[in-house]
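The exercises below ask you to read pairing, packing and backbone geometry from the model shown here. Work through each task with the structure open before turning to its solution.

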Amino acid sequence: AGKLFMTTLDMKLVALRPSDGNVVGRVAISQAVQNAAPHYGYSETSAPICAKGKVLLGAAGSEYGVRGFVMAYNASDLTPAWPNPVWNIPPEQQGWRRLSRLVGGGAVWTPVTVDTSTDTVYYGTGSATPLYFRSMRPGRNPRTDSLVAVDLNTGRLKWWQELIANNEWAYDVSQPPLVYSARVGATTRRVVSVATMEGVWFAFDARTGRPFHQRV
């Protein structure tokens with residue numbers, strides 16, 4: 001695209017011309033992602049990732065009870081590349097968020113990873129909140145503290161694996177996932193691996209999400 005992309009703390013996606021730094025595009029993320037604005041508790045704290053003409057980003061804010069997401073934009077003009085964001089948790093006051101508007105989380109506050117050989121986006125999600133009051137969010141709190149795989153072209157969910165259930169320690173999946181080919185026994189496999197802030201490492205089959213090595 002011949003552009004440099006950055007996000008700003010106040011939830012803007014900005015395109016710069018690398019030759020002189022001039023702004024050639026700017027869009028408020030809330031235009032395509034409902035409520036993704038600073039006054040709802042969202043902020044941008046990591047770099048967007050570009051792949052095959054798309055710019056991909058999530059946002060921080062789990063501690064404010066936000067609804068974590070990942071969204072893709074067209075690099076050419078910063079229009080939405082997916083019809084909807086990939087929402088990691090239910091809407092406000094639905095499902096396990098039903099007891100309070102303070103309940104939320106699942107933010108994607110580190111960069112996503114893209115495997116361009118399979119057009120798959122992998123990312124880790126943050127904790128469910130409020131952290132220290134699990135009775136307000138009973139159950140496993142699905143897709144928080146998880147590894148998620150979605151289709152790069154459509155934003156449709158491929159698979160997900162929860163790494164910590166009903167977390168009360170803020171042990172987010174903070175590392176951008178790694179994707180690589182590795183020899184496992186006598187077979188070469190496509191692997192996606194990730195670690196949590198708990199200090200535990202997991203590896204999965206990159207295509208199916210089936211775990212084959214965990215809790216190192």
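**Exercise 1.** Find the bridge partner of Val-179 in strand 15, then describe the hairpin that strand 14 and strand 15 form.

*Solution.* In strand 15, Val-179 has Val-192 as its bridge partner. Strands here are DSSP runs of E with at least two residues, numbered from the N terminus, and two of them pair if DSSP finds at least two bridges between them. Strand 14 (residues 178–184) and strand 15 (residues 187–195) run antiparallel and are joined by 7 bridges. The hairpin leaves 2 residues between the two strands, and Gly-185 in the turn takes a positive phi of about 65 degrees.

Before going on, note that this is a predicted model, in which local features need pLDDT of at least 70 and side-chain atom pairs count only at pLDDT 80 or more, while totals for chains, interfaces and linings use all residues. Residues are numbered from 1 along each chain as its sequence is written, and side-chain values use heavy atoms, with hydrogens and water left out.

**Exercise 2.** Describe the hairpin of strand 1 and strand 2, including the residue in it that takes a positive phi.

*Solution.* Strand 1 (residues 4–8) is joined to strand 2 (residues 12–16) by 5 bridges, and the two run antiparallel. Within this pair, Met-6 stands opposite Val-14 in strand 2. There are 3 residues between the strands of this hairpin, and Met-11 has a positive phi near 70 degrees.

**Exercise 3.** State the strand order of the open sheet of 4 strands, and then place Thr-120 in its surroundings.

*Solution.* The order is 9-10-12-13, with antiparallel pairing. Strand 9 (113–115) and strand 13 (157–162) are the edge strands, each pairing on one side only. Strand 9 is joined to strand 10 (residues 120–124) by 3 bridges, and Asp-115 has Thr-120 in strand 10 as its bridge partner. Thr-120 counts as buried because its relative accessibility is 3%, buried meaning under 20% relative accessible area, exposed over 50% and partly exposed in between, for a 1.4 Å probe and protein chains only. Leaving aside neighbours within four places in sequence, Thr-120 is in contact (heavy atoms within 4.5 Å) with residues including Val-114, Ala-149, Val-150 and Lys-158. With the side chain of Lys-158, the side chain of Thr-120 also makes a polar contact at 2.7 Å; such a contact is a pair of N or O atoms within 3.5 Å, where within protein one must be able to donate a hydrogen and the other to accept it, and residues adjacent in sequence count only if both atoms are side-chain atoms.

**Exercise 4.** Which residues have the most contacts inside the largest nonpolar core?

*Solution.* A nonpolar core is a set of buried Ala, Val, Leu, Ile, Met, Phe, Trp, Tyr and Cys residues joined through side-chain atoms within 4.5 Å. The largest one has 34 residues, and Ile-29, Phe-69, Trp-82 and Tyr-123 have the most contacts inside it. Strand 6 (69–74) is among the elements that give two or more residues to this core, and its 5 residues are the largest share. A second, separate core has 14 residues, among them Tyr-122 and Val-192.

**Exercise 5.** Characterise the backbone at Pro-130 and at Leu-78.

*Solution.* The peptide bond from Thr-129 to Pro-130 is cis, with omega near 0 degrees, and Pro-130 lies in the loop between strand 11 (128–129) and strand 12. Leu-78, although not a glycine, has a positive phi of about 65 degrees; Leu-78 belongs to the loop between strand 6 and strand 7.
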